[in-house]
Amino acid sequence: MKYWSKALIYCLLILLVFPSMTLAQQAPALELGAKAAVLLDFQTGQILYSKNGQQPHVPASLAKIMTMYVTLDQIKAGQVSLDDTVVVSERAWRMIGSRMFLEPGEVVTVEQLLLGIAVVSGNDACVALAEGLAGSEAAFVQLMNEKARALDLPMHFVDVHGLSGENEVTAESVARLVHAYLMDHPDAIRFHREPSFSYQPRSSRTPIVQYNRNGLLRTYEGADGLKTGHLEVAGYNLVATAVQNNRRLIAVVLGAESEAKREEEAAALLTYGFRNFDLVNIAPLLHDKTARVVKGKQAQVGLKVQEPIIAVPKGVGATVSVGIQTKEVEAPVEEGTPVGVLSIYLQDELVKQVPLLAVEEVERGSWLKIMWDNLIMFFKDLIRRR
């Protein structure tokens with residue numbers, strides 16, 4: 001029998017060694033002109049800043065992140081390789097807007113198309129890739145929406161390049177998409193950090209060189225991605241990511257008034273995160289905490305979490321409360337088996353909730369132990385029913 005123990009077995013209050021300040025003073029105010037903006041800490045998955053983060057917005061070329069995600073999923077699954085080739089259709093050739101200047105009938109590799117999408121935002125590359133991998137753009141769009149549903153993200157796509165004003169995302173969903181994208185495909189960053197892309201169409205005597213539209217790659221320390229977007233209905237969008245001191249942040253800016261402004265505000269978001277937040281390891285709080293095990297060689301099992309790191313405001317007196325909710329589990333128990341939930345609060349605000357896992361394996365106990373625990377559980381159920 002499995003059942004949850006008391007709602008909160010432990011509630012631990014820890015005063016971190018920071019100067020004493022109020023919660024309202026945790027971080028300085030950040031005023032941005034964009035319609036929506038989000039800052040996400042990559043290691044913890046925590047959102048550190050949000051302005052209209054759940055408000056629907058047109059992604060423009062940010063839709064291409066999902067196009068690349070679906071493609072890299074297929075490569076990872078062995079369904080396609082970077083060296084596989086695609087024949088460019090007339091439809092792909094006729095695409096307007098940003099292009100890598102494909103020509104009908106040309107044979108290009110999947111890797112070339114991914115670079116053309118990541119670096120120069122090629123709409124022609126998106127259509128050629130979709131047709132080559134799924135048979136049609138419509139079929140590939142279906143895969144994009146299926147991926148969004150699998151990730152539980154509130155976003156909807158009607159094309160692979162983002163030219164339609166009917167595509168819909170939120171700033172938070174874009175940040176979480178990029179988080180999942182880089183978690184699943186860490187090597188994808190190599191496409192996005194390229195400063196330029198050179199492609200020689202069949203009819204040209206010389207290669208066409210275009211430069212990455214993400215200016216932060218040239219101006220912001222540690223910047224290595226990720227994607228720009230612009231439509232009249234959307235304004236100027238940018239997803240920027242940077243690494244400083246082995247820590248990655250993801251900034252999303254939607255609806256800025258110009259290219260310069262979207263870069264300025266994305267840089268402000270990244271700097272805000274690097275300057276005002278620290279990472280704290282909460283693993284020591286679980287050192288002597290356990291969950292009860294029945295019918296096992298031992299009656300308790302230690303607790304751990306998959307990622308024991310949280311982001312907290314820097315330079316503040318933050319009171320962190322940790323709620324540990326466990327359940328009684330029946331042996332055998334494998335290491336990593338979910339045995340409860342860890343809730344982490346900054347004062348009264350829930351900042352993270354993650355599964356508690358068994359720190360080790362617990363084997364099945366002897367027949368005498370099993371019989372004894374069955375007897376105890378029988379009487380406990382009898383008492384509860386009364």
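**Exercise 1. With which residues is Val239 in contact, leaving aside its neighbours within four places in sequence, and to which core does Val239 belong?**

Solution. Step one is to list the partners in this predicted model: once the neighbours within four places in sequence are set aside, Val239 is in contact with Leu62, Ile65, Val174, Val178, Gly225, Leu226, Lys227, Ile250, Ala251 and Val252. Step two is to place Val239 in its core: the largest nonpolar core has 61 residues, and Val239 is listed with Met66, Leu113, Met155, Tyr181 and Val252 as having the most contacts inside that core. In soluble globular proteins, nonpolar side chains tend to be buried together. Step three is to look for a further core, and there is a second, separate one of 25 residues, which includes Leu39, Leu238, Ala240 and Ala251.

**Exercise 2. What is the strand order of the open sheet of 5 strands, and which helix packs on the sheet?**

Solution. Strands of a sheet pair through backbone hydrogen bonds, either parallel or antiparallel. The first step is to read the order, which is β4-β3-β11-β10-β9, with antiparallel pairing. The second step is to find the edges, and these are β4 (47–51) and β9 (223–231), each of which pairs on one side only. From one strand to the next, the twist averages 5°. The third step is to examine one pair in detail: β3 (residues 36–41) is joined to β4 by 4 bridges, and Ala37 stands opposite Lys51 in β4. The last step is to find the helix, which is α9 (residues 259–276); this helix touches β3, β4, β9, β10 (235–244) and β11 (247–256), and its direction makes about 145° with that of β11.

**Exercise 3. At what angles does helix α4 pack with α3 and with α1, and which classes of residue make each contact?**

Solution. Two packed helices are described by the angle between their axes and the distance between the axes. We begin with α3 (residues 110–120) and α4 (residues 123–134), whose axes are 9 Å apart and make an angle of about 145°; the crossing of α3 past α4 is left-handed. On the α3 side the contact involves Val110, Leu113, Leu114, Gly116 and Ile117, which meet Ala125, Cys126, Ala128, Leu129 and Leu133 in α4. Sorted by class, this contact has 9 nonpolar, 1 polar and no charged residues.

We then turn to α1 (residues 63–76), which packs with α4 at about 35°, the axes being 11 Å apart, and again the crossing of α1 past α4 is left-handed. Here Lys64, Thr67, Thr71 and Gln74 of α1 make the contact together with Asn123, Cys126, Leu129 and Leu133 of α4. By class, the contact of α1 with α4 has 3 nonpolar, 4 polar and 1 charged residues.

**Exercise 4. Where in the chain are Asn52 and Ser121, and is each of them buried, partly exposed or exposed?**

Solution. Most residues other than glycine have a negative phi, and most peptide bonds are trans. Asn52 has a positive phi, near 50°, and its place is in the loop between β4 and α1. The relative accessible area of Asn52 is 37%, and a residue between the cut-offs of 20% and 50% counts as partly exposed, so Asn52 is partly exposed. Ser121 also has a positive phi, near 60°, and is found in the loop between α3 and α4. The relative accessibility of Ser121 is 4%, and therefore Ser121 counts as buried.

**Exercise 5. Which residues does each cis peptide bond join, and where do Leu226 and Pro332 lie?**

Solution. One cis peptide bond joins Gly225 and Leu226, with omega about 25°, and Leu226 lies in strand β9. Another cis peptide bond joins Ala331 and Pro332, with omega about 5°, and Pro332 is found in the loop between β16 (319–330) and β17 (338–346).

**Exercise 6. How many residues lie between β13 and β14 in their hairpin?**

Solution. We start from the pairing, in which β13 (residues 290–294) and β14 (residues 300–304) run antiparallel over 3 bridges, with Ala291 opposite Val301 in β14. The hairpin has 5 residues between the two strands, and Lys295 in the turn has a positive phi of about 65°.

Technical notes
Residues numbered from 1 in each chain as written. Predicted model: local features only at pLDDT ≥ 70, side-chain atom pairs only at ≥ 80, totals over all residues. Heavy atoms only, no water. Axes fitted to C-alpha atoms, helices over the stretch in contact; angles between N-to-C directions. Left-handed = near helix turned anticlockwise from the far one by under 90°. Contact = heavy atoms within 4.5 Å. Nonpolar A, V, L, I, M, F, W, Y, C, P; charged D, E, K, R; others polar. Core = buried A, V, L, I, M, F, W, Y, C linked by side-chain atoms within 4.5 Å. Buried < 20%, exposed > 50% of the residue type's maximum accessible area, 1.4 Å probe, protein only. Pairing = 2+ DSSP bridges.
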